[in-house]
Each structure stands twice: as C-alpha cells, then as structure tokens.
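Reader: I have a model open and want to learn how to read it. Can we go through it feature by feature?

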Amino acid sequence: MNTIEVENLTKRFGDFFAVDHINFEVKQGEIFGFLGANGAGKSTTIRMLCGLLSSTEGTARVGGFDINTQPNKVKESIGYMSQKFSLYEDITVEENIDFFGRVYGLSNNELADRKKWVLNIANLHGRENSITKTLSGGWKQRLALGCAVIHRPRIVFLDEPTSGVDPVMRRRFWELINDLSADGVTVLVTTHFLEEAEYCNDIILINAGKIIAGGSPKELKENYIKHPILEVQCSDVVQAMEKIETEPWAVETSVFGSSLHVNVQDETMARERIRTILSENTIQLLNIERITPSLEDVFIYLLEQESKK
Ligand SMILES: Nc1ncnc2c1ncn2[C@@H]1O[C@H](COP(=O)(O)OP(=O)(O)OP(=O)(O)O)[C@@H](O)[C@H]1O
Ligand SMILES: [Mg+2]
C-alpha cells in the first residue's frame, strides 16, 4: 500500500498556521506535484509526512502507517530528499553512499549492488573518490536522489530537488523520477518550475497553508481557465497592461516576460479592442495570438483570485 492519505493535517507555530487543515490523497505509483509560493507550507507538510515533525492537529497515513503514532515505521518506508541536500560535503561520493546504505541497514552485498546502481544513475563512475563538495549542482542532486532511495523505498518525498540545476540536468532528473514511478514507487515532489509540474499526474496548489486547487494538469486548465487567452507582443508591455487591464472584457491581464497574457470574454471583440487601444496610445503591436493555457496561467489566475479575497 504505497499511498499517502492526508486528513486535516495542521501545523501551528505559535499563533501562525504554517499548514492549515489540509486534505489530499496520493495514489500508488503516481507522480504528485506539491506546488506553492515561498513560505506556503510545502516543506513543513513534507517534514510531517516523513515523521520528522509532529502535527498540531489532523494526521496522515503514509504507506499505511500513521505519522503520529508510527513515525518510525513511516521513516523506514520512505525516501526523503530535503530542500537542502542531506549529503555530507567533506567526504567522498563513495563515503556518502556507504553512509546512507548503512543508515538504512543494507547488508554488504546489498550495499555493493546498490552502490553500483547509484553511481550509474548519478553518472559518477570513476568519481567515487571525489570530495562531494567539488561536484557541480546537477551531479550532487543525482547523488542525493540515489542516496535517498538506496534502500528501495516505495514512497519518496523530493523537496525542490531541481532548484539550482540547469535545464538539461533537470530533464535527466525527471527521467529518473519517471523510472521510479514506472516501477510503482509513489513520488511526491515540490517544484517552482511549472513546466515540471506538467509532468505530474496530479497536482495540488497550497497558499498560506491552505490547499486552493487540485487535479491533473489538464483538469486544472479546464476548470480554471474558462476564457480564451490572447498573447500580445508589443513595444511597451507595461503601458499596454495599464491600458488593457481596466477594460471590462479583460478578465485577467498579466505580464509574461516580454508579452502580455489577457484572458478575454470574447476573442474577436478583444482582438479589435486591443488593436485600437494600442494604436491610440502609440504602442506598436508586434503580434497577437490565441494561446493554449499553461499551468503558469492557471496558477497566476488562482493566486490573483486569492489575493483579492
Ligand atoms: N520552526 C518554525 N518556526 C516558526 N515558523 C516556521 C518554522 N518552520 C517554518 N515556519 C514558517 O512556516 C511557513 C511555511 O514554511 P515552509 O518552509 O513549509 O514553506 P515552503 O512552502 O516550503 O516554502 P519554500 O518554497 O520557500 O521552500 C513559513 O512562513 C515559515 O517561515
Ligand atoms: Mg520549502
């Protein structure tokens, strides 16, 4: 039973609710994305689910074990890669692997076998004797994942595993996550990269300790983006935004890099109005087209709705 069932889970620090009565379920073998802005409560939730931090209220069952009454059973069943990698920097790659293998109680034979596997996935053959701190971010990250799953846990928690890693390494890292999931391992992962969230089977979005949305990437887009989105490229996005966002037909307007995304009620009418408004303000229109919404559109929309409450 490699599932995670969270019920009313709450963590209060003094008067402050870091995690506020959250409920969700993660199915066996799925890749579950746990998203939210800085300070939203992701790491606090993960630490409770790993049996490392007690809950103030509510509970969760991880792999069938209760986090409050069976935290040691929980710890034995999971792998955890913390936001700050848990590797020891001043010892070698091999010493780190050996250390984690021993902590998780592997026999000599198992350890030899799993060490090969870790070196393989981390692509660190030949660098066993390198001091860990000399590895670049991407290698260190793969070594950290290898060490976190050296004991073949069936449930894995990855807290921002790809921060500070370049796009190529991130993509390779996600191949490893997919391999784990294909083997039936349940993966809960946090990330600030929304293109990574697209790879998840299910996602929840947490804001100020509360879950504000959940579903598959497809469901989230269908449920929350009801209006067509026009992408507008022009000579002055900031001024264009000021002029467009006050229009009644512009449901939501936000800047994405050098362009503007406008959720509109009626595409044809909005296209005409945007052309007119830009020309009246001598802003040069470079391109305007309807785009498929991304998860970034969904989350920006949801977080803006929250901030209006
Ligand atoms: N031990 C603690 N004592 C008091 N407040 C805490 C403690 N740990 C976390 N917090 C607060 O709880 C809130 C949630 O923190 P948490 O680390 O869970 O956020 P997060 O979603 O992981 O953010 P990030 O994306 O920056 O990692 C923050 O406001 C944080 O300052
Ligand atoms: Mg965090």
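Author: We go from the overall fold to the ligands, then to single residues. Keep in mind that this is a predicted model.

Reader: What does the secondary structure of the protein come to?

Author: The count is 11 helices and 14 strands. The C-alpha trace spans about 75 × 45 × 35 Å along its principal axes. Of the 309 residues in the protein, buried residues make up 51%.

Reader: Now ligand 1. Which residues come nearest to ligand 1?

Author: Start with the shell of residues around a ligand. Here 14 residues surround ligand 1, and Gly39, Lys42, Ser43, Thr44 and Gln83 come nearest. By class, the shell has 5 nonpolar, 7 polar and 2 charged residues.

Reader: Which side chains have an N or O atom 2.9 Å from an oxygen atom of ligand 1?

Author: Look for pairs of N or O atoms within 3.5 Å. Asparagine 38 has a side-chain N or O atom 2.9 Å from an oxygen atom of ligand 1. Glutamine 83 offers a side-chain N or O atom at 2.9 Å from a ligand oxygen too. For glutamate 160, a polar side-chain atom lies 3.3 Å from an oxygen atom of ligand 1.

Reader: How much of the accessible area of ligand 1 does the protein cover?

Author: Compare the ligand on its own with the ligand in place. On its own, ligand 1 has 640 Å² of accessible area, and the protein covers 64% of that.

Reader: Which elements give two or more residues to the shell around ligand 1?

Author: They are strand E2 (16-26) and helix H1 (42-49). H1 gives the most, with 3 residues.

Reader: Then let us look at H1. Why is H1 described as largely enclosed by the rest of the structure?

Author: Go residue by residue and ask which ones fall under 20% relative accessible area. In H1, 7 of the 8 residues are buried, so the helix is largely enclosed by the rest of the structure. The buried ones are Lys42, Ser43, Thr44, Thr45, Ile46, Met48 and Leu49.

Reader: What follows H1?

Author: Glycine 51 follows H1, with a positive phi near 75°.

Reader: Next, the metal. What are the protein donors of the magnesium ion?

Author: For a metal, list the donor atoms and their distances. The magnesium ion is ligand 2, and its protein donors are OG of Ser43 and OE1 of Gln83. These atoms lie 2.0 to 2.3 Å from the ion. The pair links distant parts of the chain, 40 residues apart. Serine 43 is in helix H1, while glutamine 83 is in the loop between strand E6 (78-81) and helix H3 (93-103).

Reader: Is serine 43 buried or exposed?

Author: Serine 43 is buried, because its relative accessible area is 16%. Glutamine 83 comes to 36%, so it counts as partly exposed.

Reader: On to cysteines. How many disulfides does the count come to?

Author: A disulfide is a covalent bond between the sulfur atoms of two cysteines. The count here is 0 disulfides. Take cysteine 50: the nearest cysteine sulfur belongs to cysteine 147 and is 16 Å away. Cysteine 50 is buried, because its relative accessibility is 1%. Cysteine 234 is at 8%, so it counts as buried as well.

Reader: How do I read backbone angles? Which residue other than glycine has a positive phi near 60°?

Author: Check the sign of phi, then the residue type. Asparagine 123 is the residue you ask about, with phi near 60°. It lies in the loop between helix H4 (108-121) and helix H5 (137-148). At 49% relative accessibility, asparagine 123 is partly exposed. Asparagine 8 also has a positive phi, about 55°, and is not a glycine. Asparagine 8 is found in strand E1 (residues 4-13). Its relative accessibility is 35%, so asparagine 8 counts as partly exposed.

Reader: One last residue. Where is threonine 190?

Author: Place a residue first, then list its contacts. Threonine 190 is in strand E8 (residues 186-190). It is buried, because its relative accessible area is 0%.

Reader: What does the side chain of threonine 190 reach at 2.7 Å?

Author: It reaches the backbone nitrogen of glutamate 160. A polar contact of 2.9 Å also joins the side chains of threonine 190 and aspartate 159. You met glutamate 160 earlier: a polar atom of its side chain lies 3.3 Å from an oxygen atom of ligand 1.

Note on methods. Residues are numbered from 1 along each chain as its sequence is written. Chains are lettered from A and ligands numbered from 1 in the order in which they are written. This is a predicted model: local features need pLDDT of at least 70, side-chain atom pairs count only at pLDDT 80 or more; totals for chains, interfaces and linings use all residues. Side-chain values use heavy atoms; hydrogens and water are left out. A residue is near a molecule or strand if one of its heavy atoms lies within 4 Å of it. A polar contact is a pair of N or O atoms within 3.5 Å; within protein, one must be able to donate a hydrogen and the other to accept it, and residues adjacent in sequence count only if both atoms are side-chain atoms. Accessible areas come from the Shrake-Rupley method with a 1.4 Å probe; for residues, only the protein chains shown count as cover. Helices (H or I, at least four residues) and strands (E, at least two) are DSSP runs, numbered from the N terminus. Ala, Val, Leu, Ile, Met, Phe, Trp, Tyr, Cys and Pro count as nonpolar, Asp, Glu, Lys and Arg as charged, and the others, Gly among them, as polar. A disulfide is a pair of cysteine sulfur atoms within 2.5 Å. Buried means under 20% relative accessible area, exposed over 50%, partly exposed in between (1.4 Å probe, protein chains only). Donors are N, O and S atoms within 2.8 Å of the metal (3.2 Å for Na, K and Ca); water is not among the atoms, so sites may look incomplete.
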